[in-house]
Amino acid sequence: MYCGLQNGEVMIFDIRNTKEVIESICPTNGSQKCPIVSVVSIPSPADNGNEGLLVSTLQCITYYKRDTKNKFVGDLLETPPGALSSVSYEHDRSQILASYKPNTKFPKERHVLMNLNFEEKPTVSTVSTFEVELISI
């Protein structure tokens with residue numbers, strides 16, 4: 001079980017014993033310690049070895065994968081700017097759907113569909129952007 005914290009840290013628990021933390025992942029994106037918006041587990045078929053975590057804060061999405069020492073190492077994904085509100089992952093298509101809150105620069109709520117490419121370093125490419133104007137009733 002994964003638990004994202006306000007300081008940008010992710011704690012991993014065994015669901016059978018939630019009193020003890022198995023492992024902790026600290027932010028690797030510099031000194032930014034933003035609250036975690038979502039943690040998405042990426043399961044891996046035995047043939048591709050891309051098992052990992054997508055961890056999103058209000059500002060960025062980081063892909064974490066275990067290194068040769070079995071520790072999580074993060075790669076910051078270059079995603080569109082804005083204040084993230086939600087991130088989900090579609091395993092069969094290897095796609096990310098990121099939702100962004102409206103702000104002064106982007107006055108409409110945005111939903112960005114991106115392909116997650118696993119090459120030497122994980123990258124994303126935008127497939128489509130949907131904008132929604134929120135109307136008060």
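**Exercise 1. Hairpins at the start of the chain**

Task: In this predicted model, work out how many residues lie between β2 and β3 in their hairpin, and how β1, β2 and β3 are paired.

Solution.
Step 1. Take the β2 and β3 hairpin. Two residues separate these strands.
Step 2. Check the direction of pairing. β2 and β3 (residues 17-25) run antiparallel and are joined by five bridges.
Step 3. Find a register point. Ile 12 faces Glu 23 in β3.
Step 4. Move back to β1. Residues 2-4 form β1, residues 10-14 form β2, and three bridges pair the two strands in the antiparallel sense.
Step 5. Fix the register here too. Gly 4 has Val 10 of β2 as its bridge partner.
Step 6. Inspect the connection. The hairpin of β1 and β2 has five residues between its strands, and within this hairpin Gly 8 adopts a positive phi near 90°.

**Exercise 2. The open sheet**

Task: Give the strand order of the open four-stranded sheet, and name its edge strands.

Solution.
Step 1. Read the order across the sheet. It is β4-β5-β6-β7, with antiparallel pairing.
Step 2. Look for strands that pair on one side only. These are β4 and β7 (72-77), the edge strands.
Step 3. Add the twist. From one strand to the next it averages 25°.
Step 4. Examine one pair. Six bridges link β4 to β5 (residues 52-57), again in the antiparallel sense.
Step 5. Place a residue pair. Ile 42 is opposite Gly 52 in β5.

**Exercise 3. A serine in β5**

Task: Decide whether Ser 56 is buried or exposed, and identify the partner of its side-chain polar contact.

Solution.
Step 1. Locate the residue. Ser 56 belongs to strand β5.
Step 2. Assess accessibility. Its relative accessible area is 0%, so Ser 56 is buried.
Step 3. Search for a polar partner. The side chain of Ser 56 makes a polar contact with that of Ser 38, at 2.7 Å.
Step 4. List the surroundings. Beyond four places in sequence, Ser 56 contacts Pro 35, Ile 36, Val 37, Ser 38, Ile 61, Leu 84 and Val 87.

**Exercise 4. Nonpolar cores**

Task: Which members of the largest nonpolar core touch the most other members, and which strands each supply at least two of its residues?

Solution.
Step 1. Start from the general rule. In soluble globular proteins, nonpolar side chains tend to be buried together.
Step 2. Pick out the best-connected members. The largest core has 16 residues, and Leu 54, Ile 61, Leu 77, Tyr 89, Ile 96, Ala 98 and Leu 116 touch the most other members.
Step 3. Assign the strands. β4 (36-42), β6 (61-66), β8 (83-90), β9 (95-101) and β10 (109-117) each give this core at least two residues.
Step 4. Zoom in on Tyr 89. Outside its four-place sequence neighbourhood, Tyr 89 touches Val 40, Ile 42, Leu 54, Ser 94, Gln 95, Ile 96, Leu 116 and Phe 118.
Step 5. Look for another core. A second, separate one has eight residues, including Ile 12, Ile 25, Leu 53 and Val 55.

**Exercise 5. Cysteines**

Task: Explain why Cys 3 is not bonded to Cys 26.

Solution.
Step 1. Count disulfides. The whole structure has zero.
Step 2. Check the distance. The closest cysteine sulfur to that of Cys 3 is in Cys 26, 13 Å away, so the two are too far apart for a bond.
Step 3. Apply the cut-off. A disulfide needs sulfur atoms within 2.5 Å.
Step 4. Compare accessibility. Cys 3 is partly exposed at 32% relative accessible area. Cys 26 is partly exposed at 48%.

Technical notes
Residues are numbered from 1 along each chain as its sequence is written. This is a predicted model: local features need pLDDT of at least 70, side-chain atom pairs count only at pLDDT 80 or more; totals for chains, interfaces and linings use all residues. Side-chain values use heavy atoms; hydrogens and water are left out. A nonpolar core is a set of buried Ala, Val, Leu, Ile, Met, Phe, Trp, Tyr and Cys residues joined through side-chain atoms within 4.5 Å. Buried means under 20% relative accessible area, exposed over 50%, partly exposed in between (1.4 Å probe, protein chains only). Contact means heavy atoms within 4.5 Å. Two strands pair if DSSP finds at least two bridges between them. Axes are lines fitted to C-alpha atoms, for helices over the stretch in contact, and angles run from 0 to 180 degrees between N-to-C directions. A polar contact is a pair of N or O atoms within 3.5 Å; within protein, one must be able to donate a hydrogen and the other to accept it, and residues adjacent in sequence count only if both atoms are side-chain atoms.
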